[in-house]
Structure formats: C-alpha cells, structure tokens
Amino acid sequence: RIGLSDEAELAEGESVLRRSATPLDAPVNISQMLPAAAIAVPLAARTRQSVITAMTELAAQTGLLWEPEKMAEAVRDRDEMHPTALENVIALRHPRRPMTGSLGEAFLAFGRTETGIPFGSSRGVLTDLFFLICSLNDRDHLRTLARLSRLISDDNPVDDLRQAPDAATVRAVLADREAGLETA
C-alpha cells in the first residue's frame with residue numbers, strides 16, 4: 001500500500017509510526033542508515049534476478065549482512081507475492097519479514113543500474129534505482145519504509161539520484177531531501 005500512497009498519506013503514515021515509537025526508538029534517518037560501502041553507482045546488473053543478487057552481495061560487503069544468499073531468497077520470495085517496484089523507477093527491495101539472525105544492524109543498500117529493468121511496475125515502467133531494506137524488526141522496517149517512501153515521493157530526488165556520480169553524492173541527495181522534510 002505504501003507504494004500507492006501520495007505525499008499526504010505517506011506523511012500521515014510516518015506520523016502515526018513516529019507517535020507509536022517508544023522513547024528507546026531512535027528517529028529513522030535514511031542517509032545515516034546508508035553506508036557508503038552499500039552504494040553502487042553503477043550497479044552491475046541487467047536482469048531482475050541479477051539485481052537482487054547484486055544488491056544482497058553489495059549489502060554483504062558492509063559486514064552487516066552475514067547471509068546474502070538467504071536474504072536474496074527472502075527478497076525473491078517477497079517479490080513473488082507482490083512486486084516492490086514503484087511507478088517512479090524505484091524498487092524498494094526487502095524480505096517479507098525482518099531477518100534478525102542475518103544482520104549486524106539495520107541498514108540500507110542502494111544501487112543504480114545503467115539501464116532500466118522490467119521490475120513489475122503496474123504500468124510497465126523500467127526501474128533503475130534500487131534500495132535494499134535490511135531491518136531487525138517489523139516496527140523499524142515499517143518506519144524505514146515509510147520514511148524512505150516519503151523521501152522518494154517526487155521527481156527531484158529521483159532525478160538527483162539518477163545523476164549522482166558517487167556514494168557521497170547519493171547520501172547527500174538523501175540527506176538534503178530528509179532535511180527538507182523536517183522543515184516542511
């Protein structure tokens with residue numbers, strides 16, 4: 001449902017999740033959850049299956065994902081239930097359930113392919129921007145998904161991510177967009 005929501009619905013959903021957070025829950029900060037080692041521009045992949053493999057291998061390079069094969073299988077299983085490609089050329093890859101035993105901490109990975117890939121968009125839009133969400137529990141997974149969905153809900157960050165020449169620029173684009181959400 002998040003992928004079908006507009007900005008107002010995403011903001012409301014994030015607000016509800018924020019209100020339900022406990023005092024021990026740190027605020028979700030997407031740019032801080034995205035280590036430079038988990039960013040590939042370009043991502044060497046040309047098919048749906050190779051994107052999933054490349055993204056999980058990228059995440060494993062951080063040392064925070066210990067079982068990339070299990071994560072890839074879980075992401076594929078989730079994708080069979082319902083594709084996670086959005087209409088704005090982005091796919092938010094994630095397993096159906098958090099994989100606590102396979103992760104050192106919650107984090108994100110990001111990859112941009114050089115060409116678009118058919119990834120299950122309902123309108124047949126090709127996808128070239130991919131996030132892998134690695135969460136430790138359901139609540140933080142939903143909070144991360146809601147925050148990330150808000151960050152990419154308009155064309156500006158999408159265009160900037162598509163033009164970003166390196167990991168530092170990808171993180172800066174997300175940090176700038178996130179700062180803009182805080183002041184809005």
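**View 1. Phe131 and its aromatic partner.** Phe131 is buried, with a relative accessible area of 0%. This legend, like the others here, describes a predicted model. The structure holds one aromatic pair, in which Phe131 meets Phe110 at 5.0 Å centre to centre, with 55° between the planes, a tilted arrangement. Phe110 belongs to strand β3 (residues 107–118) and Phe131 to strand β4 (residues 126–134), so the pair ties together parts that are 21 residues apart in sequence. Like its partner, Phe110 is buried, with a relative accessible area of 0%.

**View 2. The whole chain, as a guide to the close-ups.** Seven helices and four strands make up the elements of the protein chain. Starting at the N terminus, they follow the order α-α-β-α-α-β-β-β-α-α-α. Of the 184 residues, 48% are buried. The chain exposes about 9,100 Å², and carbon and sulfur atoms supply 52% of that area. Among contacts between residues at least 6 apart in sequence, 73% join residues at least 24 apart.

**View 3. Strand β2 beside strand β4.** Which way do the side chains of β2 (residues 90–93) point? Ile90 and Leu92 point one way, while Ala91 and Arg93 point the other way, and all are buried. Strands β2 and β4 run parallel and are joined by four bridges. Follow Ala91 across to β4 and you will find Phe130 as its bridge partner.

**View 4. The largest nonpolar core and a separate second one.** The largest nonpolar core has 28 residues, and those touching the most other members are Ile90, Leu92, Phe110, Phe131, Leu161, Val170 and Leu174. Two or more residues come from each of α2 (30–33), β2, β3, β4, α5 (138–151), α6 (155–163) and α7 (167–183). Helix α7 gives the most, with five residues. A second, separate core holds 27 residues, including Met71, Ala74, Phe119 and Phe130.

**View 5. The surroundings of Leu92.** Leaving aside residues up to four places away in sequence, Leu92 touches Thr84, Leu86, Phe131, Ile133, Leu145, Leu148, Ser149 and Ile152. Phe131, met in the first view as half of the aromatic pair, is thus one of the residues that Leu92 touches.

**View 6. Arg162 and its two acidic partners.** The count of salt bridges comes to eight. In one of them, the side chains of Asp128 and Arg162 meet at 2.9 Å, N to O. Asp128 sits in strand β4 and Arg162 in helix α6, so this pair ties together parts that are 34 residues apart in sequence. Asp128 is buried, with a relative accessible area of 9%, whereas Arg162 is partly exposed at 27%. Arg162 also meets Asp159 in a salt bridge, at 3.9 Å, N to O. Because Arg162 and Asp159 are three residues apart in helix α6, about one helical turn separates them. Asp159 is partly exposed, with a relative accessible area of 38%.

**View 7. A buried salt bridge between helices, and a charged network.** The side chains of Arg147 and Glu178 meet in a salt bridge of 3.1 Å, N to O. Arg147 lies in helix α5 and Glu178 in helix α7, so the pair ties together parts that are 31 residues apart in sequence. Both Arg147 and Glu178 are buried. Elsewhere, Arg48, Asp79 and Arg93 are linked in a network of salt bridges. Arg93 will be familiar from strand β2, where Arg93 and Ala91 point the other way from Ile90 and Leu92.

Methods
Residues are numbered from 1 along each chain as its sequence is written. This is a predicted model: local features need pLDDT of at least 70, side-chain atom pairs count only at pLDDT 80 or more; totals for chains, interfaces and linings use all residues. Side-chain values use heavy atoms; hydrogens and water are left out. Buried means under 20% relative accessible area, exposed over 50%, partly exposed in between (1.4 Å probe, protein chains only). Contact means heavy atoms within 4.5 Å. Accessible areas come from the Shrake-Rupley method with a 1.4 Å probe; for residues, only the protein chains shown count as cover. Rings of Phe, Tyr and Trp (its six-membered ring) pair if their centres lie within 6.5 Å; planes under 30 degrees apart count as stacked, over 60 as edge-to-face and the rest as tilted. Two strands pair if DSSP finds at least two bridges between them. A nonpolar core is a set of buried Ala, Val, Leu, Ile, Met, Phe, Trp, Tyr and Cys residues joined through side-chain atoms within 4.5 Å. A salt bridge is a side-chain nitrogen of Lys or Arg within 4 Å of a carboxyl oxygen of Asp or Glu.
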